[in-house]
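Work through the exercises below with the structure open beside you. Try each task before reading its solution.

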Amino acid sequence: MKKVLRAFLVTIVFLATAWQSKATHVSAADIYYEYISPLTYRVHLVLYRDCKINAAGNSVNAGLGGTANMSATSVSCGQNISFNVDTTGNNTNKIYGDLCPNINNWCTDYQSIFPGYEEWHYSGTLVLPMACTDWRFNFDLCCRNNIINNLVGPGGQSLCVSAGLNNIARPVNNSVFLSIKPIPYVCVNQPKTYLNGPLDPDFDSLNFVSSNPLGQAGCGPITWSPAITASTANPFGTTAPGGYVVNSNTGTATFTPTVQNTYVIAFTCYEIDPITLDTVGFVMRDVQLNVLNCNASPPSSTAGTQCY
């Protein structure tokens with residue numbers, strides 16, 4: 001009887017582990033919105049799925065569907081609305097991997113050490129019932145990757161991103177859009193300049209800050225790993241001893257990682273009306289970065305090409 005029970009428990013643990021490994025597949029998320037008409041907005045969610053394959057050519061991570069569920073909440077107005085976004089018309093499921101032509105990523109070559117990602121672009125129309133100062137458009141998906149080094153218990157945490165809107169201060173508002181793809185290759189012991197490329201259709205003033213990744217119950221902040229003294233000020237902690245700096249206007253982050261590993265960084269970009277100085281909205285970006293052992297030095301100019 002004990003042997004049967006032991007075998008049963010081992011099977012349960014194996015299945016749970018297998019499920020979790022198939023769930024840890026989204027490496028980055030962006031969210032933004034467009035004004036359409038009074039109280040009506042088009043919300044965009046862009047997910048980047050790790051599309052690593054095995055020797056048989058099959059994905060080792062769970063796939064993404066054509067529809068995603070989101071919520072729109074307001075504490076001040078007592079609102080909690082569920083709505084769906086989908087990939088219709090968004091030319092989605094494209095593979096990205098910033099490599100030179102002669103090098104494959106692990107979405108096409110299972111022996112490659114270089115990550116590759118599928119971009120899944122969802123969007124949907126949301127009609128709000130009223131104007132509020134604190135609308136949040138939220139997306140939450142379980143689970144994060146177990147191998148993330150700078151968060152506590154990452155495999156048990158979801159990935160959550162939000163966008164904010166104050167449509168009392170600004171009834172007609174388009175959020176900022178981060179135009180540069182979120183997942184670059186990062187090389188150990190080489191200075192990195194991480195670009196976000198913000199574009200604001202309304203020409204608002206922008207204020208970028210480094211953010212705590214979200215994923216606890218209710219999209220609360222995840223605890224940084226004390227093992228490397230990671231923090232919002234420096235998500236790499238002791239593995240980037242030279243510091244981590246985010247330009248408040250452009251969102252450009254600079255750092256030099258000294259340890260190969262997997263890390264999460266997050267940004268929040270606030271939109272500020274240049275005349276009234278009201279904060280009229282914000283967007284978030286959440287990114288999992290792999291710090292790799294690369295063969296090349298960084299290019300000498302921004303027009304240079306780097307093969308890893």
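**Exercise 1. Which strands pair with E18, and in what sense?**

Solution. Keep in mind that this is a predicted model.
- Step 1. Start with E19, residues 279-292. E18 and E19 pair antiparallel, over twelve bridges.
- Step 2. Pick one bridge partner: Thr262 is matched with Asn290 in E19.
- Step 3. Look at the hairpin of E18 and E19. Six residues lie between the two strands, and Leu277 has a positive phi near 65°.
- Step 4. Turn to E13, residues 205-210. Six bridges join E13 to E18, and these two strands also run antiparallel.
- Step 5. Pick a partner here too: Asn207 is matched with Tyr270 in E18.

**Exercise 2. Is strand E18 mostly covered or mostly open?**

Solution.
- Step 1. Find E18 at residues 261-272.
- Step 2. Count its buried residues: nine of the twelve.
- Step 3. Conclude that E18 is mostly covered.

**Exercise 3. Find the salt bridge of Glu119 and say where its two ends lie.**

Solution.
- Step 1. The structure holds seven salt bridges. In one of them, Glu119 pairs with Lys181, with the closest N and O atoms 2.6 Å apart.
- Step 2. Place the ends. Glu119 is in strand E6, and Lys181 is in the loop between E9 and E10. They are 62 residues apart, so the pair links distant parts of the chain.
- Step 3. Check burial, where the cut-off is under 20% relative accessible area. Glu119 has 5%, so Glu119 is buried.
- Step 4. Lys181 has 37%, so Lys181 is partly exposed.

**Exercise 4. Which parts of the chain does the salt bridge of Asp286 and Arg144 tie together?**

Solution.
- Step 1. Confirm the pair: the side chains of Asp286 and Arg144 meet at 2.8 Å, N to O.
- Step 2. Asp286 lies in E19, while Arg144 lies in the loop between E7 and E8, so the salt bridge ties together parts 142 residues apart in sequence.
- Step 3. Check both ends: Asp286 and Arg144 are buried.

**Exercise 5. Which residues share a salt-bridge network with Arg170?**

Solution.
- Step 1. Begin with Arg170 and Asp204, whose closest N and O atoms are 2.6 Å apart.
- Step 2. Arg170 sits in the loop between E8 and E9, and Asp204 in the loop between E12 and E13, 34 residues apart.
- Step 3. Both Arg170 and Asp204 are buried.
- Step 4. Widen the view: Asp202 and Asp273 are linked with Arg170 and Asp204 in the network.

**Exercise 6. What lines the second largest cavity?**

Solution.
- Step 1. The count is three cavities of 30 Å³ or more. The second largest has a volume of about 40 Å³.
- Step 2. Its lining is Val26, Leu141, Cys143, Arg144 and Leu159.
- Step 3. Sort the lining by class: four nonpolar, no polar and one charged.

**Exercise 7. Is Leu178 buried or exposed, and what is it in contact with?**

Solution.
- Step 1. Find Leu178 in strand E9.
- Step 2. Its relative accessibility is 9%, so Leu178 counts as buried.
- Step 3. Set aside neighbours within four places in sequence. Leu178 is then in contact with Asp30, Asn196, Gly197, Pro198, Phe208 and Arg285.
- Step 4. Take Arg285 from that list. Leu178 and Arg285 are 107 residues apart along the chain, yet their C-alpha atoms are separated by 8.4 Å.

Notes
Residues are numbered from 1 along each chain as its sequence is written. This is a predicted model: local features need pLDDT of at least 70, side-chain atom pairs count only at pLDDT 80 or more; totals for chains, interfaces and linings use all residues. Side-chain values use heavy atoms; hydrogens and water are left out. Buried means under 20% relative accessible area, exposed over 50%, partly exposed in between (1.4 Å probe, protein chains only). Helices (H or I, at least four residues) and strands (E, at least two) are DSSP runs, numbered from the N terminus. Two strands pair if DSSP finds at least two bridges between them. On a 1 Å grid over the protein atoms alone, a cavity is a set of points where a 1.4 Å probe fits but cannot get out, and a pocket is an open set with protein on both sides within 12 Å along at least five of seven lines; lining residues have an atom within 4 Å of a point. Grid points are joined across faces, edges and corners, and a volume is the space filled by probe spheres set on the points. Ala, Val, Leu, Ile, Met, Phe, Trp, Tyr, Cys and Pro count as nonpolar, Asp, Glu, Lys and Arg as charged, and the others, Gly among them, as polar. A salt bridge is a side-chain nitrogen of Lys or Arg within 4 Å of a carboxyl oxygen of Asp or Glu. Contact means heavy atoms within 4.5 Å.
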